[in-house]
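Student: I am new to this structure and would like a close look at a single part. Could you take one strand, show me its neighbours, and then place it in the wider picture?

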Amino acid sequence: MLQVNDIRDHKDKMITALAKRGIDTKQVIEEVLQADEDRRGTQAKLDETLAQSNNFSKEIGMLFQKGETQKANLLKEKTGQLKEKSKVLTEQLNEAADRLEQLLYTLPNIPNELVPAGTDENDNEEVFKEGEIPVLKEGSLPHWELAKKYDIIDFELGVKITGAGFPVYKGKGARLQRALISYFLDKNTEAGYTEFQVPHLVNEASGYGTGQLPDKEGQMYHSTVDDLYLIPTAEVPVTNMFRGDLLNLTDLPITCTAYTPCFRREAGSYGAHVRGLNRLHQFDKVEIVRIEHPDNSYAALDGMVDHVKDILRELKLPYRILRLCGGDLGFTSALTYDFEVFSTAQDRWLEISSVSNFETFQANRLKLRFKDSDGKNKLAHSLNGSALALPRVLAGILENYQTPEGIKIPEVLVPYCGFNMID
RNA sequence: AGAGAGGUGGCCGAGUGGCUUAAGGCGCACGCUUGGAAAGCGUGUAUACGGCAACGUAUCGAGGGUUCGAAUCCCUUCCUCUCUGCCA
């Protein structure tokens with residue numbers, strides 16, 4: 001959520017910056033400023049009314065103690081009017097505050113200067129590319145065929161017990177998945193991130209905190225009996241650990257990593273691009289989250305990008321890094337780098353990580369602040385990234401490492417797997 | 001799940017309708033004192049919103065209500081603890 005003060009101070013700059021997302025916010029911004037003015041004006045009137053009322057009450061108390069009941073009763077009548085007035089003003093205030101909040105919910109984050117203009121994924125800017133794309137032998141297969149051939153993932157079995165998009169991993173497939181999770185967590189821990197195990201269901205307040213609610217209500221599985229949501233990413237429980245906190249400078253930066261399964265309804269996603277592991281309702285992911293001082297958040301973002309690079313280098317997977325354009329940038333993000341692994345057998349790039357700086361956008365909803373060196377309380381910057389999302393990494397390994405003899409295991413994973421070949 | 005007890009500032013803790021502008025203590029910060037420190041003394045020490053400011057308003061787990069006035073009374077709800085039950 002954007003801050004009203006910023007909108008008040010830099011109206012035109014913000015409209016220009018948001019235009020990079022391909023949206024015209026002039027109208028909404030004007031309405032925001034109007035609602036803000038209404039809210040402030042009404043609050044001033046309400047405060048004044050309440051102040052009068054408080055004064056009368058004190059007087060009445062003193063009169064009663066002195067035994068001047070008659071005078072007290074006279075004053076009581078006056079306060080009745082004030083009460084009516086404050087009731088009306090309170091309603092007006094709530095109305096203006098709600099209107100303001102609703103309007104603010106519709107505004108996405110301000111894109112960083114580096115964000116290229118553009119409307120969709122075709123306008124994303126490739127900023128880095130590394131790794132050799134292997135030349136596969138005749139008869140190479142996409143991962144869903146390989147999964148069947150070596151009996152390591154059973155999609156039909158998942159359909160039987162739950163539905164489409166809930167695969168069952170089996171034997172060396174399950175072991176490889178577990179190996180990847182351990183490897184990722186170890187890499188993140190070595191880089192200084194503290195490992196957490198967090199709940200996989202969250203309450204409504206957490207959904208609002210990180211911005212999944214109210215906009216993306218339909219994307220989460222909702223357990224209505226207890227009013228809890230299955231997490232679509234570890235970002236939600238991890239970032240919400242700090243909801244409402246007022247941190248000391250010495251607490252920063254906060255760096256966390258967590259492995260969780262992720263649940264996404266993915267309503268309306270069908271077609272060839274969702275085959276196999278490409279898009280699932282349940283998948284595993286290891287996430288990294290940072291809470292940073294505003295002065296340091298972009299250096300931290302670069303650090304996260306380097307960290308993910310390092311992992312992909314070790315896995316020896318061909319990948320590229322995209323700087324998302326305005327049209328493709330997530331609602332809450334100011335700057336996002338997507339990592340894509342090249343899936344040779346499918347001849348396409350698969351997104352396996354997304355690393356973002358949200359600046360104060362999430363912190364504003366979360367009320368996540370820190371006490372700066374000047375003694376003032378300020379909103380912190382929050383960042384997160386996948387390190388990494390499992391299924392597409394798995395798909396990349398299966399497809400790029402396939403040989404006529406079987407699927408080789410990347411060297412760094414062998415100690416975690418206990419085998420070096422799936423055959 | 002049942003019975004009982006609770007939730008007050010950074011922490012402990014008093015507070016059953018108006019001298020509460022939340023006592024007192026601890027901690028922390030600054031000052032005095034000192035060769036230096038400790039002790040002692042003094043001052044200060046929450047958050048949000050509005051205001052250039054003085055200041056005002058709100059907040060005693062959360063949300064409603066009663067009252068001229070609520071930390072205090074009533075209702076709802078969440079959470080914690082103790083005992084009992086159930087359970088991996």
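Tutor: Let's start with strand β13 (residues 348–357), which runs antiparallel to β16 and is joined to it by 3 bridges. One of the contacts to look for in this predicted model is V355, whose bridge partner in β16 is G385.

Now turn to another partner of β16. Strand β10 (residues 282–292) also pairs with β16 in the antiparallel sense, over 7 bridges. Here you can find V289 standing opposite N384 of β16. So how much of β16 (residues 381–389) is buried? The count is 9 of the 9 residues, so this strand is largely enclosed by the rest of the structure. As background, side chains in a regular strand alternate between the two faces of the sheet.

Stay with β10 for a moment, because residues 282–292 take in charged side chains too. E292 and R290 meet there in a salt bridge, at 2.8 Å from N to O. Both E292 and R290 are buried.

Salt bridges can also be followed elsewhere, as the structure holds 20 of them. In helix α3 (residues 26–66), R40 and D36 sit 4 residues apart, about one turn of the helix. Their closest N and O atoms are 3.5 Å apart, and the two form a salt bridge. R40 is partly exposed, with a relative accessible area of 40%, whereas D36 counts as buried because its relative accessibility is 0%. Helix α4 (residues 69–106) offers another pair: E95 and R99 are separated by about one helical turn, being 4 residues apart. In their salt bridge the closest N and O atoms are 3.1 Å apart. E95 counts as partly exposed at 42% relative accessibility, and R99 counts as partly exposed at 29%. Shared partners also link salt bridges into one network of R8, D36, R39 and R40.

For a contrast with the buried strand, look at the surface, where E204, E217, D226 and D227 gather in a patch of negative charge. D226 belongs to the loop between β6 (222–223) and β7 (228–230), and it counts as exposed because its relative accessibility is 54%. L413 lies in a loop as well, between β18 (406–408) and α13 (414–417), but L413 counts as buried, at 0% relative accessibility. From L413 to A179 is 6.6 Å in space, C-alpha to C-alpha, although they are 234 residues apart in sequence.

Stepping back, chain A has 13 helices and 19 strands, and buried residues make up 48% of its 423 residues.

Methods
Residues are numbered from 1 along each chain as its sequence is written. Chains are lettered from A and ligands numbered from 1 in the order in which they are written. This is a predicted model: local features need pLDDT of at least 70, side-chain atom pairs count only at pLDDT 80 or more; totals for chains, interfaces and linings use all residues. Side-chain values use heavy atoms; hydrogens and water are left out. Patches are made of residues with over 30% relative accessible area and no salt bridge: like charges are joined within 9 Å, nonpolar side chains (Val, Leu, Ile, Met, Phe, Trp, Tyr) within 5 Å. Accessible areas come from the Shrake-Rupley method with a 1.4 Å probe; for residues, only the protein chains shown count as cover. A salt bridge is a side-chain nitrogen of Lys or Arg within 4 Å of a carboxyl oxygen of Asp or Glu. Lys and Arg count as positive and Asp and Glu as negative; His and the chain ends are not counted. The place of a charge is taken as NZ of Lys, CZ of Arg, CG of Asp or CD of Glu. Helices (H or I, at least four residues) and strands (E, at least two) are DSSP runs, numbered from the N terminus. Buried means under 20% relative accessible area, exposed over 50%, partly exposed in between (1.4 Å probe, protein chains only). Two strands pair if DSSP finds at least two bridges between them.
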